[in-house]
Amino acid sequence: FPSAVTAMVAAGIGMIPEGLYLLTSVALAVSTIRLATQKVLLHDMKSIETLARVNVLCVDKTGTITENRMSVQEVYELPGERYGTSAKMLSDFVSVMGNDNITMNALKEYFKEPTGKKAVSHTGFTSALKYSSVTYSDGAYVLGAPEMVLRESYEQYKDTIERFSRTGARVLVYARYFGDIEGKPLTQKAEPLAFVILSNPIRENAKETFRYFAEQDVQVKVISGDNPVTVSEVAIRAGIDGAERFVDASTLHTRKDIYEAAQKYVVFGRVSPEQKRQLVGALKEQGNTVAMTGDGVNDAPALSAADIGCSMGITGTDVAKSASDMVLTDDNFATIIYAVREGRSIFSNIKKAVQFLLSSNIGEILTVFSGIMFGWSSPLTAIQLLWVNLVTDSLPAIALGLDT
């Protein structure tokens, strides 16, 4: 009976790849250290395995495709306005705003000569409403996305707006609002006074980055709150495949609309924070492994919903970093190439090591069962099996797993 128990335990040991747990842990730990040297911090090691399976990457325009800075390119005053009047009014407008985003920073750098006009109240820009406002004693003024501010009268100015959008510029409208600002979507008439044209240069390494993802069969989806024409033009210049297929997300009202759009389009403009999360969910429902990049508070739901969320380390908010699985500490989107490459490399190494371990274990199992079938005593003792598994198998497997 003692001999039978020993033989049974020995056979059981031969069927278990003991080195697999050690191999996986060591390989993932070493890979995490490698990524840290490339300015990529992971919240947990399993994110490396997820990186290896990513086939859809959702990115924003500003700070990802383009550099994280803007500048005012032009102020287009509408016919009938006295030249320079809007610039002075905009100086007063931006002087009461905080430095809470790169758009407002660009406006403050350009409009530097306020008249000292006193504001009664003001509201900052939000991604949901897409406008900011200042109320004076003589009325309210708003600055924001033309579609959201002008609403019914947008078609009247559409040609002018899209003329600038097709150059890849961002267009904001400055208008007088004939109603009370209540922190809700605008409902009353807005009289446009000027269009502010902002430029946002494309990152130098953008084309190289997106070319790499195309070679790796990773589909890129651009999800932005900006005008879809602008976003599409910037994405085309950055070399993103299919960037000419764009849609205005404000026209997507149901989950079915979003699901179908996720299959059909590459560029999504005028996207609300909730729609970002829904788009990520729709892509996952279609069987994709989705990575999402973002840096703002409003990106947190989408970052959490993605299979792997990626935030920026310098400009990213604490909320976005907490919701993400990976942080790019240098704020350089191209760094994600190293993360994906490392993830796929370590996944391939672990796969090779597992194949090696299993091939060795199958040899042990066949030897033990052959002995049983022919009525021999156990051809391998327990101590021999342990030696083979822990030394002969595990050490070479770990070397395969750590291959660079």
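**Reading helix α6 and its pocket**

Me: Which helix gives the most to the lining of the largest pocket?

Reply: That's α6, with four residues. A pocket is an open set of points on a 1 Å grid over the protein atoms alone, where a 1.4 Å probe fits, with protein on both sides within 12 Å along at least five of seven lines; lining residues have an atom within 4 Å of a point. Here, 41 residues line the largest pocket, and Asn 101, Thr 103, Phe 125, Ser 127 and Asp 295 lie nearest its centre.

Me: What sort of model is this?

Reply: A predicted one: local features need pLDDT of at least 70, side-chain atom pairs count only at 80 or more, and totals for chains, interfaces and linings use all residues. Residues are numbered from 1 along each chain, and side-chain values use heavy atoms, leaving out hydrogens and water.

Me: Which residues of α6 are buried?

Reply: Buried means under 20% relative accessible area, exposed over 50% (1.4 Å probe, protein chains only). In α6 (a DSSP run of H or I, at least four residues; strands are E, at least two), which spans 102–110, the buried ones are Thr 103, Met 104, Ala 106 and Leu 107. Down the axis they fall within an arc of 155 degrees (using directions from the axis to the C-beta atoms), so they line one face of α6.

Me: What do they pack against?

Reply: Look for contact, heavy atoms within 4.5 Å. Their partners include α5 (85–95), β3 (71–77) and β8 (190–199).

Me: Is Asp 217 buried or exposed?

Reply: Asp 217 sits in the loop between α9 and β9, and it counts as exposed because its relative accessibility is 65%.
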